[in-house]
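Me: I'd like to learn how to read a few features off a model. Can we go through them one by one?

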Amino acid sequence: MSDAVIRIAIDSRDATNGARTIRRDLDSIEGKTNNVRSAMSSLAKVAAGAFALETFRRAAVQLQRVADAATVLENRIIATGTATAQLEGVFNQLSDVAIATRSNFQGTVEVFSRLAVSSSELGVSQQQLIGFTKSLNQAVQLSGASAIEANAALIQLSQGLASGTLRGDELRSVLEQLPIVADVIAQEFGVTRGALRALGADGEISAQRVLAAFSAAGDDLEQRFAKQISTVAQEAEVLNTAFVRFARNLDDVIRLSDLSTSTLRGLTTVVDGLNSAITTFDTNRGLIARTQRTIFSLLGLSEDATSQEIAKIGSA
């Protein structure tokens with residue numbers, strides 16, 4: 001094995017100044033390394049806090065969106081002339097109807113609101129309209145239509161009833177998508193489902209007769225619906241309605257928009273802390289490299305030459 005020798009030439013005239021430079025840099029490194037150590041030790045906690053805040057922010061934003069959807073539904077109810085003092089009661093009753101019938105909450109409010117606007121002309125009370133909405137939802141579920149089909153047919157039906165007479169496209173949509181609803185109406189007239197087309201063409205299927213039909217069939221629909229097995233899609237609607245009601249109530253207690261703003265400010269503070277830690281680490285890394293170059297210069301060595309000599313020692 002051959003011996004490798006590294007020759008070192010020291011210029012004594014620069015030694016003193018170089019030593020002072022090295023000491024100053026080493027002292028600086030020691031102080032700043034402590035800062036880095038402190039910053040890095042808390043980095044995991046900061047990162048965990050950032051993750052928690054971001055998760056919380058997303059939840060708050062989602063809750064805010066649901067609360068906004070609840071506000072839209074409230075505005076639909078207010079547009080019917082419902083007094084502000086009665087708004088919460090009507091909102092809760094309609095959400096109860098949607099949950100009890102495993103129906104879409106928005107569609108439930110839509111049917112009620114369209115008819116409520118004409119309640120004085122129809123000669124029915126608010127509670128009668130809520131009862132009608134419940135029976136109608138049950139008949140829709142018993143019809144076995146998909147959520148999309150049922151919602152489209154309900155909109156058509158509510159439009160027809162709001163106009164005062166069920167006919168044309170609105171009646172055809174009911175006959176095609178909601179057979180049980182059609183059967184309830186046919187019972188009121190003592191005819192078969194197919195005969196409703198002729199009655200509709202003659203303008204005989206008034207909103208009053210439809211409301212009367214569901215009032216008479218209410219108990220039967222209740223019993224038949226109680227025997228029906230719920231589907232996953234229906235239970236999802238129940239969960240959605242419950243979540244809308246929860247978000248609305250929560251928004252009344254704590255303004256979710258204010259909460260989202262506070263969370264964003266917290267995230268900004270955390271990100272600033274991370275930037276500071278990274279900057280401190282990068283500064284020290286540069287200082288260490290500069291000190292290394294100073295030492296090599298005092299020893300009369302180049303970094304490349306030293307690396308080559310060390311490589312030779314390792315391979316010897």
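Reply: Sure, starting with burial: buried means under 20% relative accessible area, exposed over 50%, and partly exposed in between (1.4 Å probe, protein chains only). Keep in mind that this is a predicted model, where local features need pLDDT of at least 70, side-chain atom pairs count only at pLDDT 80 or more, and totals for chains, interfaces and linings use all residues. Residues are numbered from 1 along each chain as its sequence is written, and side-chain values use heavy atoms, leaving out hydrogens and water.

Me: Is Arg102 buried or exposed?

Reply: Arg102 is buried, at a relative accessible area of 12%. Now for its backbone. Most residues other than glycine have a negative phi. Arg102, not a glycine, has a positive phi of about 55 degrees.

Me: Which loop is Arg102 in?

Reply: Arg102 sits in the loop between helix H3 (84-100) and H4. Helices here are DSSP runs (H or I, at least four residues), numbered from the N terminus.

Me: At what angle do H8 and H9 pack?

Reply: Axes are lines fitted to C-alpha atoms, for helices over the stretch in contact, and angles run from 0 to 180 degrees between N-to-C directions. Helix H8 (residues 168-177) and helix H9 (residues 179-189) pack at about 115 degrees, with axes 5 Å apart. That makes H8 roughly perpendicular to H9, a label covering 65 to 115 degrees.

Me: Which residues make the contact?

Reply: With contact meaning heavy atoms within 4.5 Å, H8 brings Val174, Leu175 and Gln177, while H9 brings Pro179, Val181 and Ala182.

Conventions
Helix = DSSP H or I, 4+ residues; strand = E, 2+ residues; numbered from the N terminus. Parallel < 35°, antiparallel > 145°, perpendicular 65-115°, else oblique.
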